[in-house]
Amino acid sequence: PARIPKRTVPVILLLTGLFLAACSLNGAPARGTPTPKTPAWLDVQMTDATTGQAFRVRDFAGKVVLVETMATWCPTCWKQENEVKKLQGLLNNNPDLVLVSLDVDTNEDEATLKDFAATGGYAWRFAVAPLAVARDLGNLYSADYLNPPLAPMLFIDRQGGVYGLPNGVKSAESLQKTLEQYLNP
């Protein structure tokens with residue numbers, strides 16, 4: 001095997017450190033740190049696949065909105081959906097909490113999404129994410145929000161602050177613990 005010259009090692013270590021630091025950034029705001037301005041994607045009109053009604057995330061101003069990006073083919077998403085379903089029960093279907101699942105798979109449509117929600121017994125808003133929404137999620141927070149198996153989620157507080165949650169399936173109990181502090185005045 002070829003040897004790396006000793007003077008190259010610090011450069012490689014520096015570049016590796018920078019790469020790892022960049023990879024560890026979630027792009028979404030850290031817990032407790034809202035984004036500084038109101039993102040445009042909150043104003044994009046979407047259609048709730050379960051009801052056919054149009055909505056904008058901004059329509060829920062003054063409430064706490066939990067947003068999950070997902071795809072119907074994603075087993076991790078199914079697990080997360082079931083935790084969100086449990087969360088509804090833990091919070092007694094709190095009317096101040098709005099749940100929105102955004103399908104970011106460009107190959108899926110509203111009919112597929114409606115069937116998915118009905119089959120799972122998921123009683124909240126499901127929408128195919130318009131390109132503008134998907135683009136903003138990826139650009140503002142990170143490409144993780146376009147990768148459903150990472151179980152990316154964020155929430156919006158009553159004042160419009162957007163907060164990222166860690167990747168991976170979040171238990172109903174951990175979501176409850178995080179959201180209750182924003183739900184309780």
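**Exercise 1. Work out how many helices and strands the chain has, and in what order they come.**

Step 1: count the elements. The chain has 5 helices and 7 strands, where helices (H or I, at least four residues) and strands (E, at least two) are DSSP runs, numbered from the N terminus.

Step 2: read them off from the N terminus. The order is α-β-β-β-α-β-α-β-α-β-β-α.

A note before going on: this is a predicted model, in which local features need pLDDT of at least 70 and side-chain atom pairs count only at pLDDT 80 or more, while totals for chains, interfaces and linings use all residues. Residues are numbered from 1 along each chain as its sequence is written, and side-chain values use heavy atoms, with hydrogens and water left out.

**Exercise 2. Find out which elements have the lowest and the highest mean pLDDT.**

Step 1: start with the whole chain. Its mean pLDDT (the predictor's confidence in each residue, from 0 to 100) is 86, and 79% of the residues reach 70 or more.

Step 2: go element by element. Helix H1 (residues 9-24) sits at the bottom with a mean of 43, and strand S2 (residues 54-55) at the top with 98.

Step 3: check the weak stretch. Residues 9-31 have pLDDT below 50, and beyond near neighbours in sequence this stretch makes 22 contacts in the model; contact means heavy atoms within 4.5 Å.

**Exercise 3. Lay out the open sheet and place the helices that lie across it.**

Step 1: order the strands. The open sheet has 5 strands in the order S5-S4-S3-S6-S7, with mixed pairing; two strands pair if DSSP finds at least two bridges between them.

Step 2: find the edges. Strand S5 (125-128) and strand S7 (162-164) each pair on one side only. From one strand to the next, the twist averages 25 degrees.

Step 3: zoom in on one pair. S4 and S5 are parallel over 4 bridges, and Leu102 has Ala127 in S5 as its bridge partner.

Step 4: add the helices. H3 lies across S3, S4 and S5, at about 155 degrees to S5. H5 lies across S3, S4, S6 and S7, at about 145 degrees to S3. For these angles, axes are lines fitted to C-alpha atoms, for helices over the stretch in contact, and angles run from 0 to 180 degrees between N-to-C directions.

**Exercise 4. Describe the largest nonpolar core and say which element gives it the largest share.**

Step 1: fix the terms. A nonpolar core is a set of buried Ala, Val, Leu, Ile, Met, Phe, Trp, Tyr and Cys residues joined through side-chain atoms within 4.5 Å. Buried means under 20% relative accessible area, exposed over 50%, partly exposed in between (1.4 Å probe, protein chains only).

Step 2: look inside. The largest core has 26 residues, with Leu66, Leu87, Leu97, Phe126 and Leu179 making the most contacts within it. H5 supplies the largest share, 4 residues.

Step 3: follow Leu179. Among the residues it touches are Val64, Leu66 and Phe155.

Step 4: look for another core. A second, separate one of 21 residues includes Phe60, Val98, Val104 and Ile156.

**Exercise 5. Decide whether Gln88 and Gly161 are buried or exposed.**

Step 1: take Gln88, in helix H2. Gln88 counts as buried because its relative accessibility is 15%. Its contacts include Asn93, Leu99 and Trp124.

Step 2: take Gly161, in the loop between S6 and S7. Gly161 is buried too, because its relative accessibility is 10%. Pro39 is 122 residues away from Gly161 in sequence, yet 9.5 Å away in space, C-alpha to C-alpha.

Key: Lists of a residue's contacts leave out its neighbours within four places in sequence.
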